[in-house]
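Got a minute to go through some labels on this model? Let's ask what earns each one.

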Amino acid sequence: MIRLLFPGRFERAPSRLWLTVWLLSCAVVAGAQEAADATDEERVEETVAEPVQESVEESVDGSFEETADTTARETSVEAASADVAGTGSETVLELEDCRISAGPGYPGIKARCGQLSRPLNPKDADPSATVTLRIAVVPALNLEPEPDPVVPLAGGPGQSANDFYTAYAQAFEPLRRNRDILLVDQRGTGNSAALRCEFEDEVLEGSLSDEETLRLTRECLDALPHDPRFFTTSVAVADLDAVREALGYPSLNLYGISYGSRVAQHYARRFPSTTRSIVLDGVVPPDLPLGPDIALESQAAVERILARCAEDTACAERFPDIAGAFDEVRNRLAAGAVNVRLADPVSGDVERVTFGAMEFAGAIRLLAYHPNTIALLPLLIDEAANGNYQPLAAQFLMTSRSVASALAIGMHNAVMCSEDVPRYSGYTVDRGALEASYMGPLLLDTMRTVCSVWPEGLVDEDFAEPLSTDIPTLLLSGSADPITPPAYATRAAGGLKRAWLLSGRHQGHGQFSVGCMPNILAGFVERRELEEGAADCFTDSFVMPFFLSFSGPTP
């Protein structure tokens, strides 16, 4: 289903600081757009016999006495080693029947749920401060399942594993035939001591000044329930192994998408003996910091989309100069934002929203993620070039709202300001190309400003080293991916002794639900290898043709 209307009442436009963080984050959160495009039939297939219920809400300990005491934080972190492996739990975790879902109105999924208390600081000998991890196990369909579960690791950073899985449960059904699905909301996300910030700002036009950005960042820090320095990937993988041990699983099969692929690689580095297999989808190489290349990769992806339209007979005939139209819209909005009137799809009330260069970048950014929305790009660009900004503006509002609810921005910043931004100084960026891209340098510059006051957290010394292992690993990419192109998977595969790489033609970010891929993944996890010919069906995966009108593509 292709949605062009904003579902629900329009809310005030996101602040510019939020937009900047979103431009970085949503590219890594696989699922915000695809979830909006999931068909009703897929939702029905997830339904079980019992009445639909809303997500199980787990209580989370939100107390943290040192929240606003930066000095205390800096003192306590000195006692913590960056190497947090080996902090497993001897606790036996008891689970109870529950139901999980993607939210109100979505089908419930039978599961077994529980909580595990973990030290806030993983090296405290007698921790007085703890965080509570929310855990769910979706049992295998086989009454005698294999002992090693599949563990989906969500993107973001900042997305909940529960939210990711429940939005795409149907794609994991072949994997669930013989194995449990283990869902652990990473600390800082979902119902595991979420680090959320409300970036509300009255300045809705023009970029925020550094002073305004710093003010909002400090307000976010002061509002957090826990010290963000203990919410990094290095701490999270130790949490995951503690959950594994508490549940009695001998080993794990890791599926990591986008930022989750980073988590999967680091877990395998820290705990190789309990890692049975790895699937990396939309691969983030450990030695590559996220941020500097995002605008350039997205620019290249959009240029490829527009070039494909120009090479397609029907698309080229309908939109004879689509690249020129894109530049025209971009330059027009760079000169000044426009006011767009949009009708609320429920009440019919007309709302007036501001649509400028940042909003344009946000809309294009998300549209370039999935073949179904890529198919809309030429049409929406052409409409805007002819003065109709409503479709692009509606798409922006819809996607920004879905991403805003999906991400815990405090956790996102905790990861970025500890694992990525500190590495920017040693990374060469073509500033001229960055300035010329449709996203521009604002994302990169704003993250530097945010992280100038955000405390740097625990990071293992070998965190940024390429993974070298003989654990069977399947790496997935899409040739149209605007943030983690196939070259990233090739780079990450350099040290992998048993690796298989697959790339979907004209596919976007995240391959796990494309065509026959769910069955490919199930076969790979079962046999721990990709058999010859097993992936042939993937090459024929459907790609949505370009829309020539709002009625759809040509028959």
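Q: What makes C417 and C451 a disulfide in this predicted model?
A: A disulfide is a pair of cysteine sulfur atoms within 2.5 Å. The sulfurs of C417 and C451 sit 2.0 Å apart, so the pair qualifies. The torsion about their S-S bond is about -75 degrees, so this disulfide is left-handed. C417 belongs to helix α17 (residues 409–420) and C451 to helix α19 (residues 442–451), so the link ties together parts 34 residues apart in sequence.

Q: Why is C451 called buried?
A: Buried means under 20% relative accessible area. C451 has 12%, so the label fits. Its partner C417, at 3%, counts as buried because that value also falls under 20%.

Q: How do you know whether the disulfide of C197 and C220 is right-handed or left-handed?
A: Look at the S-S torsion: it is about 45 degrees, so the disulfide is right-handed. This pair links distant parts of the chain, with C197 in the loop between β5 (181–184) and α7 (210–223), and C220 in helix α7.

Q: Why is the aromatic pair of Y165 and F172 called tilted?
A: Ring centres within 6.5 Å make a pair, and planes under 30 degrees apart are stacked, over 60 edge-to-face, the rest tilted. Y165 and F172 are 5.5 Å centre to centre with 55 degrees between the planes, so they pair up and land in the tilted class. Both residues are buried, and they belong to one aromatic cluster with F164, Y168, Y255 and F512.

Methods. Residues numbered from 1 in each chain as written. Predicted model: local features only at pLDDT ≥ 70, side-chain atom pairs only at ≥ 80, totals over all residues. Heavy atoms only, no water. Phe/Tyr/Trp six-rings, centres within 6.5 Å; stacked < 30°, edge-to-face > 60°. Buried < 20%, exposed > 50% of the residue type's maximum accessible area, 1.4 Å probe, protein only. Helix = DSSP H or I, 4+ residues; strand = E, 2+ residues; numbered from the N terminus.
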